[in-house]
Amino acid sequence: MFLHFFKNTFFIGVIAIVSCISPSSKKSPVHASAEAKTNTTLNNENKLIIGANQTEAYLPLLKGKKVGIVGNQTSVVFKGNGGYTHLVDSLVSLNIDVVKAFSPEHGFRGKADAGEKVVDGFDAKTGISIVSLYGSNKKPTQKQLEGLDILVFDIQDVGVRFYTYISTLHYVMEAAAEKGLTVLILDRPNPNGHYIDGPILEKEHQSFVGMHPIPIVHGMTIGEYAQMINGEKWLQNNLICDLMVIKMINYSKKDHYSLPIKPSPNLPNNQSINLYPSLCFFEGTPVNAGRGTSKQFQVFGSPTLDSNYFDYKYTPQPNDGAKHPKNQGKICYGKDLSEEPLLSTIELKWLLEAYEKSENKNDFFTPFFSKLAGTKKLQQQIKQGWDSNKIKANWKKGIENYGKMRQPYLLYH
């Protein structure tokens with residue numbers, strides 16, 4: 001069962017921990033505590049408090065400064081009654097000078113298709129200028145950062161390498177380091193934080209859907225990941241970003257969290273988020289992974305799969321988040337996985353099954369497949385008939401080395 005944390009559980013925190021990495025810092029993060037008001041309703045209760053809800057911790061860092069926000073529809077402050085307020089609206093109401101917002105893939109309100117160009121504009125509610133980081137440039141330009149004193153990064157991630165918000169994080173940190181700006185991260189849970197799995201990305205397959213030598217499921221929060229980007233010196237020219245992280249209170253990677261706001265149009269619920277690391281491989285094949293249906297990343301199918309073997313069928317049609325879905329208007333044969341139990345591993349059996357039952361194996365893999373996998377080895381292994389156990393045994397050493405590498409940057413257990 002998922003632990004639903006978003007109703008009647010968000011209060012201003014007892015203590016907010018701010019983790020800082022300055023340009024002169026070493027690999028391990030330095031911790032400092034900032035006292036916040038005590039809320040007696042929280043005493044002796046194990047309530048999760050996200051970074052955005054710890055206003056007493058970060059408001060002093062923003063007062064009197066010109067602030068830029070990197071966010072989207074998930075950048076919210078929760079209320080005790082289960083409602084929420086967008087971070088920009090909250091900060092403006094608290095007299096913080098928010099002068100600009102930066103939006104990642106899917107846009108500031110999260111409506112754009114995957115891969116769809118997002119244009120600059122203005123926030124309809126506040127009139128604040130919005131700069132797209134998924135349009136003409138994925139990295140903020142130095143001109144776009146002019147006049148800012150600090151950047152606040154607050155986006156709900158799902159803990160998967162090819163989910164592009166961590167690539168946006170990289171470029172924001174890099175641009176901020178070049179400009180000499182601080183990046184303040186308001187940390188949020190990782191719904192796939194309970195495990196690590198997948199092949200390590202190889203440098204020759206680096207792209208916006210995979211920038212760093214990590215496994216597909218990395219098991220870190222945005223705050224932890226930012227510290228790893230700094231500590232491993234992955235920024236251009238070995239730059240170090242002046243970084244501050246508002247930690248969550250009472251967060252554990254062992255628990256499973258249900259997200260109250262979908263992080264992108266095609267991850268509508270817990271099941272899709274949990275299956276995403278396993279089904280996204282299909283994006284590099286002729287197989288549809290549920291885009292153009294109401295079960296995005298919960299079903300898969302294709303007209304080229306064996307209709308005698310696969311008893312589930314559906315027809316993708318344009319919808320919110322998929323204006324032109326793969327195999328649009330065609331009957332797809334495959335499987336419905338919407339009732340599958342919670343995964344704590346990448347499940348390869350559906351990919352292997354689809355390849356085995358495909359009409360034309362020579363055309364099954366597109367060049368995008370190796371970008372998603374981060375290696376050509378997976379495609380080669382599947383073609384050679386390797387089973388799931390043999391493939392995953394091949395990942396083991398890389399995952400072990402990654403686990404050691406990430407250890408200094410962990411803020412939670």
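Strand 7 (residues 121–122) and strand 8 run antiparallel and are joined by 2 bridges. Within this predicted model, Phe122 has Ser129 of strand 8 as its bridge partner. The two strands form a hairpin with 6 residues between them, and in that hairpin Gly127 adopts a positive phi near 80°.

From the hairpin we can follow the pairing onward. Strand 8 (residues 129–132) also pairs with strand 6, this time in the parallel sense and over 4 bridges. Here Phe102 finds its bridge partner in Val131 of strand 8. Strand 6 (residues 97–103) in turn pairs with strand 3, again in the parallel sense, over 5 bridges. Lys100 of strand 6 is the bridge partner of Gly68. Strand 3 has a further parallel neighbour in strand 9 (residues 150–154), to which 5 bridges join it. In that pairing, Ile69 is matched with Val152 of strand 9.

The strand pairings just described fit into a small table:

| Pair | Sense | Bridges | One bridge pair |
|---|---|---|---|
| Strand 7 and strand 8 | antiparallel | 2 bridges | Phe122 and Ser129 |
| Strand 6 and strand 8 | parallel | 4 bridges | Phe102 and Val131 |
| Strand 3 and strand 6 | parallel | 5 bridges | Gly68 and Lys100 |
| Strand 3 and strand 9 | parallel | 5 bridges | Ile69 and Val152 |

How buried is strand 3 (residues 66–71)? Of its 6 residues, 5 are buried, so the strand is largely enclosed by the rest of the structure. As a reminder for reading any of these strands, side chains in a regular strand alternate between the two faces of the sheet.

Now let us step back to the whole chain. It contains 10 helices and 14 strands. Of its 413 residues, 58% count as buried. The exposed area comes to about 16,900 Å², with carbon and sulfur atoms supplying 49% of it. Among contacts with a separation of 6 or more, 73% are between residues 24 or more positions apart.

The aromatic residues deserve a look of their own. How many aromatic pairs does a search of the whole structure find? The search gives 20 aromatic pairs. One of them is formed by Tyr225 and Trp234, whose ring centres are 6.5 Å apart; the pair is tilted because the planes meet at 50°, between the limits of 30 and 60 degrees. Tyr225 is buried, at 1% relative accessibility. Trp234 has a relative accessible area of 18% and still counts as buried, because the cut-off is under 20%.

Elsewhere, ring pairs tie Phe162, Tyr163, Tyr165, Tyr276, Phe281, Phe297, Tyr355, Phe364, Phe365 and Phe369 into a cluster. Tyr355, a member of that cluster, also has Lys361 over its face, at 5.9 Å from the ring centre. A similar arrangement involves Trp386, where Lys390 lies over the face at 4.3 Å from the ring centre.

Finally, a word on the cysteines. A disulfide is a covalent bond between the sulfur atoms of two cysteines. How many disulfides does the count come to in this model? With a limit of 2.5 Å between cysteine sulfur atoms, the count comes to 0 disulfides. Two of the residues to look up here are Cys280, which is buried at 4% relative accessibility, and Cys332, which is buried with a relative accessible area of 0%.

Terms used:
Residues numbered from 1 in each chain as written. Predicted model: local features only at pLDDT ≥ 70, side-chain atom pairs only at ≥ 80, totals over all residues. Heavy atoms only, no water. Buried < 20%, exposed > 50% of the residue type's maximum accessible area, 1.4 Å probe, protein only. Contact = heavy atoms within 4.5 Å. Areas by Shrake-Rupley, 256 points an atom, 1.4 Å probe, with all protein chains shown as cover. Pairing = 2+ DSSP bridges. Phe/Tyr/Trp six-rings, centres within 6.5 Å; stacked < 30°, edge-to-face > 60°. Lys NZ or Arg CZ within 6 Å of the ring centre and 35° of its normal.
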